[in-house]
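Here are a few notes to help you find your way around this one. Have the structure open while you read.

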Amino acid sequence: MAKRKIGLPKRKKKVSRVHGKVGTAPGTVSYLGTKEKGDSVVYVTTYDAENVSSKEYNRVEDILKYRKETKTSWVNVVGITDEHFIEDLGAGFSLNNLLLEDAVNTDQRPKIDEYDGYIFGVFKMLYLNENDEIVPEHTAMVLMENMVLVFQEVKEDVFGGVRNRIEAKSGRIRTRGADYLFFALLDAIIDNYFLVLEQVNHRIEITEDEVYADPKPIVAQHIQQLKKEVLKIRRWIFPVKELVSRLIDSESPLIKHDTKLFLRDALDHSLEINESLQIYREMSMSLMEMYMSNMSNKMNEVMKVLTIMASIFIPLTFIAGIYGMNFEHMPELHYQYGYYIVSGRNDHPFCGDDDLL
Amino acid sequence: MAKRKIGLPKRKKKVSRVHGKVGTAPGTVSYLGTKEKGDSVVYVTTYDAENVSSKEYNRVEDILKYRKETKTSWVNVVGITDEHFIEDLGAGFSLNNLLLEDAVNTDQRPKIDEYDGYIFGVFKMLYLNENDEIVPEHTAMVLMENMVLVFQEVKEDVFGGVRNRIEAKSGRIRTRGADYLFFALLDAIIDNYFLVLEQVNHRIEITEDEVYADPKPIVAQHIQQLKKEVLKIRRWIFPVKELVSRLIDSESPLIKHDTKLFLRDALDHSLEINESLQIYREMSMSLMEMYMSNMSNKMNEVMKVLTIMASIFIPLTFIAGIYGMNFEHMPELHYQYGYYIVSGRNDHPFCGDDDLL
Amino acid sequence: MAKRKIGLPKRKKKVSRVHGKVGTAPGTVSYLGTKEKGDSVVYVTTYDAENVSSKEYNRVEDILKYRKETKTSWVNVVGITDEHFIEDLGAGFSLNNLLLEDAVNTDQRPKIDEYDGYIFGVFKMLYLNENDEIVPEHTAMVLMENMVLVFQEVKEDVFGGVRNRIEAKSGRIRTRGADYLFFALLDAIIDNYFLVLEQVNHRIEITEDEVYADPKPIVAQHIQQLKKEVLKIRRWIFPVKELVSRLIDSESPLIKHDTKLFLRDALDHSLEINESLQIYREMSMSLMEMYMSNMSNKMNEVMKVLTIMASIFIPLTFIAGIYGMNFEHMPELHYQYGYYIVSGRNDHPFCGDDDLL
Amino acid sequence: MAKRKIGLPKRKKKVSRVHGKVGTAPGTVSYLGTKEKGDSVVYVTTYDAENVSSKEYNRVEDILKYRKETKTSWVNVVGITDEHFIEDLGAGFSLNNLLLEDAVNTDQRPKIDEYDGYIFGVFKMLYLNENDEIVPEHTAMVLMENMVLVFQEVKEDVFGGVRNRIEAKSGRIRTRGADYLFFALLDAIIDNYFLVLEQVNHRIEITEDEVYADPKPIVAQHIQQLKKEVLKIRRWIFPVKELVSRLIDSESPLIKHDTKLFLRDALDHSLEINESLQIYREMSMSLMEMYMSNMSNKMNEVMKVLTIMASIFIPLTFIAGIYGMNFEHMPELHYQYGYYIVSGRNDHPFCGDDDLL
Amino acid sequence: MAKRKIGLPKRKKKVSRVHGKVGTAPGTVSYLGTKEKGDSVVYVTTYDAENVSSKEYNRVEDILKYRKETKTSWVNVVGITDEHFIEDLGAGFSLNNLLLEDAVNTDQRPKIDEYDGYIFGVFKMLYLNENDEIVPEHTAMVLMENMVLVFQEVKEDVFGGVRNRIEAKSGRIRTRGADYLFFALLDAIIDNYFLVLEQVNHRIEITEDEVYADPKPIVAQHIQQLKKEVLKIRRWIFPVKELVSRLIDSESPLIKHDTKLFLRDALDHSLEINESLQIYREMSMSLMEMYMSNMSNKMNEVMKVLTIMASIFIPLTFIAGIYGMNFEHMPELHYQYGYYIVSGRNDHPFCGDDDLL
């Protein structure tokens, strides 16, 4: 159906997935997303002020050796469909199973959990695909001593800017530790929300133009679609402010005081995003009002035409009804082609050469 | 009447029950539900890491011997219509009468009460019956030293998953105590809310399709029904988040620190459920708006047809009124069958063989 | 006027009362209600585990002797129109004049005030009168050492259940002190709110049926009436939750720890009542929406009939206008009774025996 | 314009006043109200338990001598347009310039400020003028040691009750200090809000009757006016609750513990007023709903008439169009006066004696 | 398009700017506004109780010498498009890069950040341009020891009043330090909000008059525009209250106790502004209601005309249809000019001299 075309890609039918999950023990690591099963690829970048090196691995053992690394490591796991891989990796890094469950549970809402020795966060990376649809991607990040471990469903370039800054020798990121990397990745996700909100704003303006131009029934569906979309995005984005604020208040030794200054900046952005969301929500709601008022206007126009037509011709018809065709002096009646003219017909007359006058 | 068919089973007429309750002393144990009187059956499962045993009892004395049990016991009382049985059982376990009153009061809202030596919780177990109607079932749970005492109205398989995990030797549940069992049962109830919410979502989508397809009066009633249903489910589910959060903050020695990590997970799920509820509530409210806008659209369509018909034919009728039948050249009038054709009749002509021209 | 019939009894015109009150010193004891002046009657019940005795008095001196009573006394003052009586009684028990002012001020909102040596509460007792109208009755209660002093406008049997439990030797109430009596009376008031809410629910359902059945203008007034009623009841009931919660947190030695367990139960009920109120409020608000949608539906139906009639007959009339009566073969015209049949008349024809064919 | 007649007196055009104020230094004492420039008159009442004396002054020096007065003094400055007078007076009592600015700034919202040695409050005195319009009057009060200094725009009798109680020897006010006087004046202002709210309620009822009786366009404007009025009154009254509550929590030695008991009473009244305001606000908002529903009803009625007329006469006209005037047996046609009867004319016939049959 | 003419100047297309910003490191100083690149001009005013001097500079070095100035300096940087200039200046004063980023980021929401040694604030200066449009101007202020550093996009005279007060020897501002200057500038910004709100109020009244006078479709767009405008202004103004309140609670030695008294005054103004905003928001929302009700009224009027026309003429036409032209006594038919009169034509008759009777 056409009605869902604007906005988010089609709602995934997740009935069976939920059914499959209900009743299992908590801490069961099972992938709930829609991606096809496949191997995980792990991209590891290690750097300090002097050096950067990037490698790609497929096996858990190769990654575990980075546990002892003193440089800062960014371990980026792409593909979370292989639950055994995730479980082995988690075991290798002594991560809690509840954490791993959330890392691969694509329905998990954004959260920050502090464990002994590591901080775990789930965020929704939002980006626009080639059709300018807003695509949510589940992202889990673990901040450990000298390491940030990231779980992604697919390899997206939202983190591209961070990678570039690491590779550029001059970047501040090179001289700061894993906590700054954690912040930088989070900041990249939040920055991307601005692009998504711009797209939402763009859609609101397009729909508003539709409302002004021609309030057809389909426009009401577009508005409804828009409202749902804002509701959904809100669900993914709204908690982030609270989470960043919790990171700032955290007393974990993993986050250095310097980095908190940057987190305060990220908090600022989250606040701004939440305010925008609120405004977009109110705007999408008042679109329906506009639509209704425009429709009433159209109805008014239609009714006015009807009333004018009726007010002119009904009395005339009445007058014609009384006197119309009985006047003795009606010149048109005697024209040969009178009937054809009045009835708007241009076919050849039955008896073209008759002249009865 | 058909109007209540969608959604919850018919509202129970509870006037007399409330009347019966008003004026009695607090702590009076009286069943307020709609189930027929019957005997309670008690299923007792005791387990530790090595062994599991399940038994079924009908008499209070048999159950009381589990008071001294050092393994973890799950005492599941099914059927709470027999108030004497409940009172005797409560007395045997030294439970407060106010607790027993709430345990059998099916109108009791979800709650957590901490007493000396035990923690008491009331929850609404929601499940879908064979007609996919959402059925609320009153469930009370008491967490004691080495024991969880559960009161249910009927034997439902919402707890089936927990039972399976206990019977499976490998399950983590076997090595953890009564507090983990309490959590596991609560988690099973919360997990089931996801299924119920999915059903609500499904109904919203069906009703939305009805609204788009044909906004008949009955659809407005469906929407109203849906809104009421969401309001009711909200009442049962919404407090759970607060209650789980209170369990986490509890300083009772009955809840071990390890289990709180799992409760935090349950809290997460409650949060997600409450967010979904909020979204469903807004969606059900905007359905009415959509309905009204579609109805206005339909009205507009009808009015346009009327206006077009009137705008074309009223002036024509006026013109016809003046000139119509008096033109001297109207070929149709002289056809033998003209009248029958124009009036759309196909009966045999009165005088079929006349030819007046 | 008929429009106020559903719901509460007619709003009392209280202009003059307010005018009379404005400008007086605070602490001035003046009755503001609508009851006619009359003597106060005081019912005193004293009891302990062994004995109960009930007496009736008219004079302040008789009551003051209970100040030294060591059994629990329930002093129930019925009729608060006699301000001198109230003032003398208050002076006898050393009660603050501000308290007495509130005790007889029927406009006073629910409140709890702790004084040295006594706790004072104002509540609205709501009950259904013989016409099922919801009647609010001002009730003030003072909890003192071994005594509860109650001020009522009229003798209502809301407290009947408590009286019965006192008279029944077995009741727990007999062995507990004045604080439990205070709780029991408060609990009786709260319990009665359930009956009132049931009545509200009943009215919402009746009005909903009216909306579905036939959305006449009077129904809109019923809805408006209902909304106002819920607003008013809310004002009386809503603060109670907060007040009970304050009693629980109170550090006054007048309330024993045991009784707080029962107050927690009352708090639970208040919470449930407030939730119901909230739901009824939303339901009464969505009734108006339903009404509007049904009215739009009716309008749609009417418009459709009009459009169908017009779409069929206006073109036909046009066609008839052109050809109608000029066809040479119109059998009906030649029937003798044609005119009478078509015009639906059955009077005797002017010239019954003519036959022109 | 008639549309602003209900409700508040015309909005004052204050553009120039605001423009004049913007850019000046804070603490600049400049009167912003609409009263004409005039001299201030100062009424001083001093009293203790034994004596009362009232005097009237025009010069600052006369008032400053009361600084050393040990009795309680009520210094009532009426007229605040003379900024020099106010500044001199303020300097004499060592009052902060920011305070004086607020004292004469009639746009100042209600506030309580504690300074060293005095407490300053701004309140809006609301009263009904002779046309029952609600008039706000700016009132500033300073509580000092043994003195209450009041600034009023005009001499209003809202404080008349307090004056009477001071003059009556028996009043409690005579034996209590300046803090009780401050409370008594504040209480008088709050008491008057009840009268104003009653007037608002009265207007809501009148407008409601208009809505029920005849929903003309002017009624929509009345409702809009009412909503604005409630919004404005709310702005003046709503903060008072918070301010009284702050006075109660104040640790200033100027407010004695005894007086706080009375302030608690005033807090109670403020709470009640805020609740009423809330209810009136909801009622004024639902009036618009009622209006819309009644208008829809009227439209329905009109449409039904139209549809009935059309449904009856359009088919008849069609039938008449086909057969009407061609029946050979139409007795009316042959009556001499038929035409005059059917067309409803009663003028004398052109040729009264013609008989063509 | 005409629809955006009322209200704010056209929304700037900022897509590319956001795209440019996303992915850069935090602390990157890049101007995001719409002003054209240009040199910054720095106006420096130094003053103490005795002397004032004002200078204008273009180079960073000239300004840095004021770091050691013991008089109070107001360093006003006008033009923030030259990022290198800003970075150099910031480096010279040892300002954090995150601060500089916000100083030139024109999308930054209002904020207060305390750093070691300085306090940083971002505010939106709102003023009316020559077309009475509301123009937001990004303003950043840094309070340092003896200095306030201000960054502005353009030189606006909102600060003109402050400049005048500095130049006037008598002003209090001369004897107080940099913190009072910081307050005075902030107060000037807040004071200007009153003018902007007045303009908003003015627009609401104009739109309200449009709604009352003639609810054309364009008026609905004006209302929508107004609602958006209030939403946007709210976003810029609303946080200020919170920020001022934070300044008051700040424990920074940079803000003296005396100045906090003045900040309390500014807080008061912010509160008043927020209340006004809230009221304007509700008023702009109820405008749409008014509009809808007026449109319904117009529709009602149109329908009534139609119904009256139809109710009068449709039955008459029917009657005319039956009897109309067949009466034998219709005098008009025999007039020579009857046809021309009834049809309202005044052309010369075809056969003016014919007389068929």
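1. Which residue in β2(E) is the bridge partner of E:Thr46? Look for E:Ser53. Bear in mind that this is a predicted model. The two strands concerned, β1 (residues 41-47) and β2 of chain E, run antiparallel and are joined by six bridges.

2. Now zoom out to the whole sheet in chain E. It's an open one with seven strands in the order β2-β1-β3-β7-β6-β5-β4, and the pairing is mixed. β2 (52-57) and β4 (111-115) of chain E sit at the edges with a single partner strand each, so one side of each has no neighbour in the sheet. On average, neighbouring strands are turned by 20° against each other, ignoring direction.

3. Helix α5 (residues 160-167) of chain E packs on that sheet, where it touches β1, β2 and β3 (72-78) of chain E. Its direction makes about 150° with that of β3(E). Also in chain E, the charged end of E:Arg163 sits over the ring of E:Trp74, 4.5 Å from the ring's centre.

4. Over in chain C, have a look at helix α6 (residues 178-213). Its 36 residues reach 53 Å from first C-alpha to last, close to the expected 52 Å. Of those 36 residues, 30 are buried, so to speak of α6(C) as mostly covered is fair.

5. Finally, the aromatics: there are 30 aromatic pairs over all chains. One of them is D:Phe183 with D:Phe262; their ring centres are 5.6 Å apart and the planes stand at 40°, so this pair is tilted. The two residues lie 79 residues apart, D:Phe183 in helix α6 and D:Phe262 in helix α8 of chain D. Both are buried.

How values were computed:
Residues numbered from 1 in each chain as written. Chains lettered and ligands numbered in written order. Predicted model: local features only at pLDDT ≥ 70, side-chain atom pairs only at ≥ 80, totals over all residues. Heavy atoms only, no water. Pairing = 2+ DSSP bridges. Helix = DSSP H or I, 4+ residues; strand = E, 2+ residues; numbered from the N terminus. Axes fitted to C-alpha atoms, helices over the stretch in contact; angles between N-to-C directions. Contact = heavy atoms within 4.5 Å. Expected span 1.5 Å × (residues − 1). Buried < 20%, exposed > 50% of the residue type's maximum accessible area, 1.4 Å probe, protein only. Phe/Tyr/Trp six-rings, centres within 6.5 Å; stacked < 30°, edge-to-face > 60°. Lys NZ or Arg CZ within 6 Å of the ring centre and 35° of its normal.
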